[in-house]
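Please find below a briefing on helix packing and sheet architecture, prepared for a reader working with the coordinates.

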Amino acid sequence: MKPENNNINCDINCAKITDEMVDEFMESIWLIEERGKGHKGGRAALCAMAVDEGAVNNPVMAESVLAQIATDGYVTLDGEAVEFTPKGRERARHIIRRKRLAEKLLAEVLSVDAREIRTTACRFEHILSPEVTNSVCSFLGHPPTCPHGKPIPQGDCCKKLSHYVKPLVMPMTDLDPGSRGRIVFIAPKDHSRMDRLSSLGIVPGTEVSLHQKKPAFVIRIGETELALDTEIAGEIYVKELR
Amino acid sequence: MSAKGIKKLLLVGNPNVGKSVIFGHLTGKYATVSNYPGTTVELSIGNAAIKGEQYAVTDTPGVNSLLPMSEDEVVTRDILINEDFDSVLQVSDMKNLRRSLPITIQLAEMGVPFSMVLNMEDEANDAGIETDLSALAAKTGLDAVPTTATRRKGMGRLKEAAAAPRKSRLSVTYDKGIEDAAAMIEKMLPEARISRRSIALMILGGDRSLKGWLHAHLDDTAIDRLNAIVGETQAGYTQPLGYVINNERLKLVDSIVSACQTKAGGSSEGFSKTLGRVTMHPVWGVPILLGVLILMYEFVGVLGAGTMVDFMETVVFGELINPYAIKFFETALPVPILKDMFIGEYGIVTMALTYAIAIVFPITTTFFIAFGILEDSGYLPRLAIMLNKVFNLIGLNGKAVLPMVLGLGCSTMATLTTRILDTKKERIIVTLLLALGIPCSAQLGVIMGMLAGISAMGTVIWASVVVFVVLLVGYLSSKVIKGEPSDFVLELPPIRLPKLKNILMKTLGRIEWYVKEAVPLFILGTLLLFTADKLHLLVVIERAASPLIVGLLGLPSEATGAFLIGFLRRDYGAAGLFALQKQGMLDPVQVVVSLVVVTLFVPCIAQFFMTIKERGMGPAIAMVTFVLPFAILVGTVLNFGLRAMGVTLQ
């Protein structure tokens, strides 16, 4: 990938249209469409938005990018109207999907703060390969929405599964009673808790079955049955076994 | 070998694997056995003849790791590190080898000679678990002996193994950073009973309980250097070193288990498993809990405190013993004062022995039988799950169920059992609540008897006030006493059918303990009352205490005597109130008020001494100083409250 900063700061004369710029434009068109105001007559608004978002650094540049993606067959331009071609819609869908999955990953799993999510997710949307995107999607349990509540477009991985699928790795509190899981990691509040759990045989790689969640968690490891507080159960992350 | 040609044998193993049962078979002595992890809080020592030689056998508290997490685990590790012994017998649960082998590895690392017993073979068979003993021997270098200790199966081979301990060849190679650090630390350590490498690994594992040992053997600069090594090593790992070390051990354990054990497919959900499930079910567990309580009440309250006490009191003492005793002392001791000492109003026979044997004995016996059944069935840990949330309110967790329920039998014993709790904070709160609001079975029996005589509302008021006060004080002390609440992680033993013999042995042991403790105090208390009465001191004290007893609590001044002996034993105090009620000197409101006060009243002398022993003099005195005025305060509020509301409880 080419570094994008060079392009953003580049003078209009030496402007080179990068994939990132195209992606940003596609994203903006998708967002305007999603807002539901009707994208017809949105050409000026789109260019203004592209400048605001920093995708390009002036309206002239915006126009030339727009012209380029029309030439590439992603959009059709009709006066003020900008409309996705089927090919363009598909590309935009993937961009949005990558971005929102990245936001979800950063927010839910890594607990990154909101501002950091925005800037990092913007970079992720350009670099995730389709395979990695689907893995992230499965890992997160094919989430329907991003952290801000907007829909995440479905990928192949979601469509293959007609029903809602649980994420690959989840805190034991999300496991249903009666199911089994393999411990993937333990994220305890303090170290002594980790030592105690490990002395009882609770370590990554161990298979557990969950018997009940109320009034306390009851799990079984081999021939050991243990009762745990909900709080501790929430720190034990498992991959469900079927 | 130690002095006098007696060898020393240690029993070591996870909690609830049957060490105490094996100890009993080896020594013929009874160590408390129950189906509850952590029953052994004190060391039991007994003698055994093994293969023609004399052994002193020590039963140690169960441990999950020799890197101690709780007070009882420290005890076991300290014995291994400090004491001279000739042989160690590791007792493990055959069906749960995965839990035992980490200890096996640690014993191997210590370089101590030991042998291994795989107990509970019957349960392993029932669970369809097959163990390849020769494969296990090949891996560990030890011949593990399969036993079913509760049926005495395999005890012969167990003795042979105990007499011929070996060093295990098990060893773990840890990550390079840990190995390097261990090697450095090892060089700085003095020669010890166990290998220096194992001590180095304990230090790296973050064992704070080792501090005392280190300070006894090393100077401060060396300890600083050790801490620096641990710190530097830890910096290279994101996870705590103890955890990293344990993980490596568990990898070896898992490889051994998969090579030696197979489980027949499809474990059957037997009746006991289903029962175990139901008893802790969020919905079904509640009626079961109530059912257990009702059964206990029927057995202890109705049969023990009612029928049996009546029989003992009216028939055995009233018609048989007392008339003869009176006749005997009247002829044998013509001196009136001596006669009164035995058979007068405050007589040793007519008061102390009647109370101790007629009232207390049937109640405690039935309670300990019921408690023994609960304990051995494995129900108590399930009860802990059901009550965990309630205990959370008062800064405790479900684990506190054991000392609290045992406290209903004998708070002194229960105070000793607080050792199974993980943090100092929890131990203080439970000790305080035991001293304050948990009535012991004898006292409870008398209380129930008195409450039966008045309106049922009286029982409701008494119970709600006591429960409210316990929860309130528990809640407040959990806020005041510093420290983090500990984690609720509790092992659940399988539900087992209690063995009659064990229940009887255990009940006998407890009753013996109780009688030895209670009867002398009863006699002492009676003598004190007798003396005070003869010197007319009782009247003086009654008059002095009258503003409190009569003014604040609204009780007749005669009740002072009952509270005075309440200092010796709470049940004795309650029994004094019982007598007043029988004489028609207490109206229903006075009954409730006096019972609330006597329930919350200071702990008995024995419990007070146990509190000093377990918590220290300062906290013990602080607790009593709090409890005494507090009990009177609650009684006062209740007295004026009930009177103001015009409650008569008729």
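Helix 13 of chain B and helix 15 of chain B cross in a right-handed sense. The model is a predicted one. Further details of this helix pair, and of a sheet with strands from chains A and B, are set out below.

**Helix pair in chain B**

- Helix 13 spans residues 285-332 of chain B and helix 15 spans residues 348-377 of chain B; their axes come within 9 Å and cross at roughly 155 degrees.
- Because angles over 145 degrees count as roughly antiparallel, helix 13 of chain B and helix 15 of chain B are described as roughly antiparallel to each other.
- The contact between helix 13 of chain B and helix 15 of chain B comprises 19 nonpolar, six polar and one charged residues.

**Sheet**

- An open sheet is built from seven strands with antiparallel pairing, in the order 3(A)-8(A)-4(A)-5(A)-6(A)-7(A)-9(B).
- Strand 3 (169-171) of chain A and strand 9 (489-492) of chain B are the edge strands, each pairing on one side only.
- On average, neighbouring strands of this sheet are turned by 40 degrees against each other, direction ignored.
- Strand 4 (residues 180-186) of chain A and strand 5 (residues 207-212) of chain A run antiparallel and are joined by three bridges.
- A:Gly181 lies opposite A:Val208 of strand 5 of chain A.

**Helix packed on the sheet**

- Helix 16 (residues 379-393) of chain B packs on the sheet, where it touches strand 6 (217-221) and strand 7 (224-228) of chain A as well as strand 9 of chain B.
- The direction of helix 16 of chain B makes about 145 degrees with that of strand 9 of chain B.

Conventions:
Residues numbered from 1 in each chain as written. Chains lettered and ligands numbered in written order. Predicted model: local features only at pLDDT ≥ 70, side-chain atom pairs only at ≥ 80, totals over all residues. Axes fitted to C-alpha atoms, helices over the stretch in contact; angles between N-to-C directions. Helix = DSSP H or I, 4+ residues; strand = E, 2+ residues; numbered from the N terminus. Parallel < 35°, antiparallel > 145°, perpendicular 65-115°, else oblique. Left-handed = near helix turned anticlockwise from the far one by under 90°. Nonpolar A, V, L, I, M, F, W, Y, C, P; charged D, E, K, R; others polar. Pairing = 2+ DSSP bridges. Contact = placed C-beta atoms within 7 Å.
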